[in-house]
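Good morning, everyone, and thank you for making the time. I would like to walk you through one structure, so please have the sequence and the model in view while I talk.

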Amino acid sequence: MNYSELTTAIQDYTENTFTSTELATFVQQAEQRIYNSVQFPSLRKNVTGTATLNNKYLACPDDFLSAHSLAIVDSDGAYEFLLNKDVNFIRQAYPTPTATGTPKYYAIFGPQSGDLEELTFILGPTPDADYTAELHYYYYPNSITTSGTSWLGDNFDSVLLYGSLVEAYTFMKGEADLLSAYNTKYNEALQLAKRLGDGLERQDSYRSGQVRVPVT
């Protein structure tokens with residue numbers, strides 16, 4: 001389902017006409033709810049950067065949503081995956097920033113200097129050399145409202161449609177019973193999306209065995 005089809009469906013279902021700005025708001029709000037409810041492996045990417053000597057901070061990508069893993073790579077190409085901790089743990093474990101070593105832990109520290117919207121990782125201990133850093137992370141993909149298509153629209157349009165309908169009907173201050181019905185359909189679609197993103201895409205029959213329905 002592309003954006004044109006989605007907006008047509010929203011107006012057909014609600015039997016109402018909305019402005020382009022209103023439609024975009026409904027869809028973007030639905031996308032935000034979905035991306036923060038299900039971690040689709042298909043919406044995960046990785047980037048490499050550099051953890052630099054004597055610098056305990058590492059910048060997050062601009063589209064960062066949440067971390068999947070962070071590793072540093074030494075000069076021999078060996079990977080060392082860092083453990084995620086709280087900032088206070090790192091401050092307590094490594095109270096002296098000038099004490100360096102191979103990083104073992106990381107935490108989300110807070111906004112980057114001069115940019116209150118973007119985050120920074122803090123490493124512990126402070127790197128004793130330059131290391132390649134490889135981050136696997138979940139991200140906000142381009143909204144279907146700007147790109148016209150999206151992974152969600154192509155692969156799981158039901159949850160996007162009903163999520164948008166909930167937002168649209170809430171805006172309309174519609175009847176409570178119909179809003180409840182839209183919410184129910186959204187939650188049903190969301191459970192199927194979680195079954196895919198948090199379940200099926202994280203297992204196979206060799207490791208987990210085949211899904212079996214009990215026979216009575």
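I will begin with how the helices pack, go on to the aromatic rings, and end with some residues in loops and in one further helix.

Please keep in mind throughout that what you are looking at is a predicted model.

Let me start with helix α2, which covers residues 20-35, and helix α6, which covers residues 157-172; the two pack with their axes 8 Å apart and at an angle of about 125 degrees. Because of that angle, α2 counts as oblique to α6, and the crossing in which α2 passes α6 is right-handed. If you want to find this contact on the screen, look on the α2 side for Glu22, Phe26, Val27, Gln29, Ala30, Glu31, Arg33 and Ile34, which meet Val159, Leu160, Gly163, Ser164, Val166, Glu167, Ala168 and Phe171 on the α6 side. Sorted by class, the residues of this contact of α2 with α6 are nine nonpolar, three polar and four charged.

Helix α2 also has a contact with α1, and here the axes come within 11 Å and cross at roughly 100 degrees. An angle between 65 and 115 degrees counts as roughly perpendicular, and α1 and α2 are therefore described as roughly perpendicular to each other. From α1 the contact takes in Tyr3, Leu6, Thr7, Ile10 and Gln11, and from α2 it takes in Ser20, Leu23, Ala24 and Val27. In this contact of α1 with α2 there are six nonpolar and three polar residues, and no charged ones. You may have noticed Val27 in both lists, since this residue of α2 meets α6 and also takes part in the contact with α1.

Now to the aromatic rings. A pair of aromatic rings is described by the distance of the centres and the angle of the planes. How many aromatic pairs does a search of the whole structure find? The search finds 14, and I will take two of them in turn.

One is formed by Tyr13 and Tyr162, with 6.3 Å from centre to centre and 90 degrees between the planes, which is an edge-to-face arrangement. This pair links distant parts of the chain, since Tyr13 is in helix α1, residues 3-14, and Tyr162 is in helix α6, with their positions 149 residues apart in the numbering. The two partners differ in class of exposure: Tyr13 is partly exposed, with a relative accessible area of 41%, whereas Tyr162 is buried, with a relative accessible area of 16%.

The other pair is Phe64 with Phe121, whose ring centres are 5.6 Å apart and whose planes stand at 90 degrees, so this pair is edge-to-face as well. Here too distant parts of the chain are linked, with Phe64 in strand β3, residues 64-73, and Phe121 in strand β8, residues 115-124, 57 residues apart. Both Phe64 and Phe121 are buried, and they belong to one aromatic cluster together with Tyr106, Tyr137 and Tyr139.

Let me turn to the backbone. Most residues other than glycine have a negative phi, and most peptide bonds are trans. Against that background, Glu15, although not a glycine, has a positive phi of about 55 degrees. Glu15 sits in the loop between α1 and α2 and is exposed, with a relative accessible area of 74%. Asn54 also has a positive phi, near 65 degrees; Asn54 lies in the loop between β1 and β2 and counts as exposed at 55% relative accessibility.

In that loop between β1 and β2 you will also find Asn55, which is partly exposed, with a relative accessible area of 29%. What does Asn55 contact, once its neighbours within four places in sequence are left aside? The answer is Thr126 and Pro127, and the C-alpha atoms of Asn55 and Pro127 are 6.5 Å apart, although 72 residues separate them in sequence. Pro125, in the loop between β8 and β9, is joined to Gly124 by a cis peptide bond, with omega about -5 degrees.

Finally, Gln92 lies in helix α3, residues 87-93, and is exposed, with a relative accessible area of 65%. Gln92 and Ala133 are 41 residues apart in sequence, and their C-alpha atoms are 23 Å apart in space.

Thank you, and I am happy to go back to any part of the model.

Conventions. Residues are numbered from 1 along each chain as its sequence is written. This is a predicted model: local features need pLDDT of at least 70, side-chain atom pairs count only at pLDDT 80 or more; totals for chains, interfaces and linings use all residues. Side-chain values use heavy atoms; hydrogens and water are left out. Axes are lines fitted to C-alpha atoms, for helices over the stretch in contact, and angles run from 0 to 180 degrees between N-to-C directions. Helices (H or I, at least four residues) and strands (E, at least two) are DSSP runs, numbered from the N terminus. Angles under 35 degrees count as roughly parallel, over 145 as roughly antiparallel, 65 to 115 as roughly perpendicular and the rest as oblique. A crossing is left-handed if the near helix is turned anticlockwise from the far one by less than a right angle, and right-handed if clockwise. Contact means heavy atoms within 4.5 Å. Ala, Val, Leu, Ile, Met, Phe, Trp, Tyr, Cys and Pro count as nonpolar, Asp, Glu, Lys and Arg as charged, and the others, Gly among them, as polar. Rings of Phe, Tyr and Trp (its six-membered ring) pair if their centres lie within 6.5 Å; planes under 30 degrees apart count as stacked, over 60 as edge-to-face and the rest as tilted. Buried means under 20% relative accessible area, exposed over 50%, partly exposed in between (1.4 Å probe, protein chains only).
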